[in-house]
Amino acid sequence: MAVTDVRPRPVAPPPRAPIPPLRHGFLSLVDTRWSPYLFIAPFFVIFAIFGLFPLAYTGWVSLHEWDLGGAGAFIGLDNYTTLFGDPDFWNAVVNTLGMLVLATVPQLLLAMVLASLLNQKLRGLTLLRMGVVLPIVTSVAAVGIVFSQIFDRDAGMVNGILGLFDVAPIDWRADKWSSWTAIATMVNWRWTGYNALIYLAAMQSIPRELYEAATVDGASKVRQFRSITVPMIRPSIIFTVIVSTIAGMQLFTEPLIFGQGGYAISGGSLRQFQTLSMYMFEKAFRDFDYGYGSAVAWMIFLLITLLAVVNFLVTRRGN
Amino acid sequence: MRRSQPLLHLTLLAAIALSAFPLYWLFVVATRTNDVVGDWPPPLVPGGNLGDNVSRLFSTEDAHFLLGLVNSAFASVTVTMAVVFFSSLAGFAFAKLKFRGRNGLLLVILGTMMIPVQMGIIPLYMIMVELGWQNRMQAVIVPSLVSAFGVFLMRQYAERAIPDELIEAAKVDGCSTFRIFWTIVLPALRPGAAVLGLFTFMGTWNEFLWPLAVLESDNPTVQFSLSQLSTTYYTDYTLMFAGALVATVPLLLVFIAFGRQIIGGIMEGAVKA
């Protein structure tokens, strides 16, 4: 056994990292283990009390006769049975869906057109974009007030313009179709630019080569839009459809302010533009029928879920 | 493409004129007197009556407009600060700290984003009655102090903006986790926090249904006060328009100051969605 080991022997043990005092180690262990939970705790505590619990409790309340005096008798699904035979409820369902369609379809189509216009090499792009999203930075109630005036029967600008074409003044608040149109106009005005920006962002991530190749193949602009742009931004389309649907199902401020005077919460004297949210509010906070109002709330929730699922399936299958 | 540019610009300018017109009209009517409202052709240039209309607005006693403005400003600032702070804290934890149940809890948060919170307003109202917070601003502020959307957004941001090595290094140096958050993470999250803050501010300023449910007309928020104006004084257009203008100005100021970030935020959120 030759002595070939020429490795230098350590004269002294290498200096070890100073051992932190035990208390510090313990504290830092506690810190590592528990601080993540402490960091997320505020969200969960506040959300549990003021978000989740009320939602579940709404279901419980809806199974009772419940008014200002508190919980009355447990009546099972009676509120829901009443609801299904309640013409005012179905009226609100129809109104909400009607305005939802009038406020979502044009909004998203226009947004698509606007986005493809903005998706060009343009000067002053930032300014153009700011102009397009300007409507979302307005106060909602202010929008309601301005458009109420614009659609006023006697003093309104829309009737003034129609008058130039010899159209008799329209009482925008009087009928379903006219009031829905006016209210949908406010929503469309406010959100078109926002959706356009979302589409624009998606369009900008489409590789240019796709269009170049299509041009070489002789595809027209319209064809390119249909066969390249739309499929490529489909995730954004799904996103905007679902978000607009959820918002549309909760429509409240615009119709409430549009319906000036004493009939505001019932959406006109004949409930011609009362939405589901307004009906829930009317039942719970004007008639103090909390049980019935809660049943309406749950129906809105179920409808939103249903529509979101349907939307998702349809948008995904389309194309 | 080059040839169609003037037409393109013209179309876009028309679209922008359309989106800006109601705001301009708001300003015009707010500066006029009531007798010109409803004239045809409508007045399209501002008048000199703004000061008068605004002072009438603030002295309309039962509208409590000034109080509404103060209440909304207070609520918006408080809620914005809290949402940004709590969302950064939780977003940092979800993005950079390892702990049991992390993925499950994150899923719960994502799930709650789908629930429209207003569906629970009836029990929420009952809670407020129990707490004695009816007609008090706590009722508007406290439920909004956290935001699932905010946590999600800040988590996305923290994942990209903060290198793991930085946190490791700070840990080796003996920093407590909160100290790491406060001195390293929070400053790095600032751009994301700005976007979240802007949207939270606008959202709180615009909140309407819940304040209408829990507050009384003698202690309104600004939107509530506006709705009072429009149901009570709807023949007094210039008064209502002055109110609508004053309620919009803070949002416009925010937009003028942070327009680029707002646009960036919308577009960035869109790509991820």
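## Exercises on the A/B interface and chain B

**Exercise 1.** How many residues do chain A and chain B each bring to the contact?

*Solution.* Counting contacts in this predicted model, we get 89 residues from chain A and 92 residues from chain B.

**Exercise 2.** How much area do chain A and chain B bury between them, and what share of it is on carbon and sulfur atoms?

*Solution.* Start with the total: about 8,000 Å² gets buried between the two chains. Then split by atom type, and carbon and sulfur take 81% of that. Next, look for the big losers in chain A: Phe39(A), Phe43(A) and Phe50(A) lose the most area to chain B, together making up 10% of what that side buries. Going by elements, helix H1 (residues 22-62) of chain A gives the most to this side, with 20 residues. Finally, sort the chain A side by residue class: 64 nonpolar, 18 polar and seven charged.

**Exercise 3.** Count the salt bridges between chain A and chain B, then the residue pairs in polar contact across their interface.

*Solution.* For salt bridges, the tally is zero. For polar contacts, 13 residue pairs turn up, with both partners at pLDDT 80 or more.

**Exercise 4.** Describe chain B by its helices and strands, its span and its buried share.

*Solution.* First, the elements: chain B has 13 helices and zero strands. Second, the span: its C-alpha trace covers about 75 × 65 × 30 Å along the principal axes. Third, burial: using under 20% relative accessible area as the cut-off, 53% of the 273 residues in chain B are buried. Last, sequence separation: of the contacts in chain B between residues at least 6 apart in sequence, 71% join residues at least 24 apart.

Terms used:
Residues are numbered from 1 along each chain as its sequence is written. Chains are lettered from A and ligands numbered from 1 in the order in which they are written. This is a predicted model: local features need pLDDT of at least 70, side-chain atom pairs count only at pLDDT 80 or more; totals for chains, interfaces and linings use all residues. Side-chain values use heavy atoms; hydrogens and water are left out. Contact means heavy atoms within 4.5 Å. Buried area is the accessible area (1.4 Å probe) that two parts lose on being put together, summed over both. A salt bridge is a side-chain nitrogen of Lys or Arg within 4 Å of a carboxyl oxygen of Asp or Glu. A polar contact is a pair of N or O atoms within 3.5 Å; within protein, one must be able to donate a hydrogen and the other to accept it, and residues adjacent in sequence count only if both atoms are side-chain atoms. Helices (H or I, at least four residues) and strands (E, at least two) are DSSP runs, numbered from the N terminus. Ala, Val, Leu, Ile, Met, Phe, Trp, Tyr, Cys and Pro count as nonpolar, Asp, Glu, Lys and Arg as charged, and the others, Gly among them, as polar. Buried means under 20% relative accessible area, exposed over 50%, partly exposed in between (1.4 Å probe, protein chains only).
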